[in-house]
Amino acid sequence: QVQLVEYGGGSVHAGDSLRLSCAFSGRTFSDYGMGWFRQAPEKSREFVATITWTGDNTDYSPSVKGRFTISRDDAENTVHLQMNGLKPEDTAVYYCGAYLRDTVSTTGATMPQLYDYWGQGTQVTVSS
């Protein structure tokens, strides 16, 4: 069973930066593609960024492209989300998800329903 624990959220002002991290345990990290999603109050879970199990490919939501960077550290079994130029509309609970290699296509990695495991989330609040 995979366990995911997100951390690094907080309350910041517009234009600030935050770095979210997600610690992976329970299986072989390099067998899993990883993704970040977010959910604002009364809204559905929204794709933010994803990285393949090899780390060779990444994809971003148009709303964060150029501001956010996803990366993985296989030595530390951790995936990171560097968020720069934060905006109030980035306010949400951010979730880390994992999917087993070769089970999800590049397009599918943007769909939360195709992920196998989720963390509990970390709150990010951006004030204007």
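## Disulfide

One disulfide turns up in a search of the whole structure, which is a predicted model. The bond joins C22 to C96, with an S to S distance of 2.1 Å. C22 belongs to strand β3 (residues 18–25) and C96 to strand β9 (residues 92–100), so the pair ties together parts that are 74 residues apart in sequence. A disulfide is a covalent bond between the sulfur atoms of two cysteines.

The torsion about the S-S bond of C22 and C96 is about -75°, so the disulfide is left-handed. Are the two cysteines buried or exposed? C22 has 0% relative accessibility and counts as buried. C96 is likewise buried, with a relative accessible area of 0%. Both values fall under the 20% limit that defines a buried residue.

## Four-stranded sheet

Strand β3, which holds C22, is also part of an open sheet of four strands. The strand order is β1-β3-β8-β7, and the pairing is antiparallel. The edges are formed by β1 (3–7) and β7 (68–73), each of which pairs on one side only. Direction ignored, neighbouring strands of this sheet are turned by 15° against each other on average.

Following the sheet from the β1 edge, β1 and β3 pair in the antiparallel sense over five bridges. Within this pairing, Q3 has S25 of β3 as its bridge partner. β3 is joined in turn to β8 by six bridges, and these two strands run antiparallel. Here R19 stands opposite Q82 in β8. At the other edge, β7 pairs with β8 (residues 78–83), again in the antiparallel sense and over six bridges. F68 stands opposite M83 in β8.

## Faces of strand β1

In a regular strand the side chains alternate between the two faces of the sheet. Which residues of β1 make up the covered face, and which the uncovered one? L4 and E6 form the covered face of β1. Q3, V5 and Y7 form the uncovered face. Q3, listed on the uncovered face, is the residue bridged to S25 in β3.

## Salt bridges around D90

Six salt bridges are found in a search of the whole structure. One of them links the side chains of R38 and D90, at 2.9 Å from N to O. R38 lies in strand β4 (residues 32–39) and D90 in the loop between β8 and β9, so this salt bridge ties together parts that are 52 residues apart in sequence. D90 also forms a salt bridge with R67, where the closest N and O atoms are 2.8 Å apart. R67 sits in the loop between β6 (58–60) and β7, so its pairing with D90 ties together parts that are 23 residues apart in sequence.

How accessible are the residues of these two pairs? R38 is buried, with a relative accessible area of 5%. D90 is buried at 0%, and R67 is buried as well. The charged groups extend into a network of salt bridges in which R38, E46, R67 and D90 are linked.

## Salt bridge of R72 and D74

Another salt bridge joins R72 to D74, and its closest N and O atoms are 2.9 Å apart. R72 counts as buried at 15% relative accessibility, while D74 is partly exposed, with a relative accessible area of 36%. The cut-offs explain these labels: buried means under 20% and exposed over 50%, so the 36% of D74 falls in between.

## Surroundings of T50

T50 is found in strand β5 (residues 46–51). Its relative accessible area is 5%, so T50 is classed as buried. The side chains of T50 and Y115 are joined by a polar contact of 3.1 Å.

Which residues does T50 touch, not counting those up to four places away in sequence? They are M34, G35, N57, T58, D59, I70, Y99, A109 and Y115. Y115 is thus listed among the residues touched by T50 and is also its partner in the polar contact.

Technical notes
Residues are numbered from 1 along each chain as its sequence is written. This is a predicted model: local features need pLDDT of at least 70, side-chain atom pairs count only at pLDDT 80 or more; totals for chains, interfaces and linings use all residues. Side-chain values use heavy atoms; hydrogens and water are left out. Two strands pair if DSSP finds at least two bridges between them. Axes are lines fitted to C-alpha atoms, for helices over the stretch in contact, and angles run from 0 to 180 degrees between N-to-C directions. Buried means under 20% relative accessible area, exposed over 50%, partly exposed in between (1.4 Å probe, protein chains only). A polar contact is a pair of N or O atoms within 3.5 Å; within protein, one must be able to donate a hydrogen and the other to accept it, and residues adjacent in sequence count only if both atoms are side-chain atoms. Contact means heavy atoms within 4.5 Å. A disulfide is a pair of cysteine sulfur atoms within 2.5 Å. A salt bridge is a side-chain nitrogen of Lys or Arg within 4 Å of a carboxyl oxygen of Asp or Glu.
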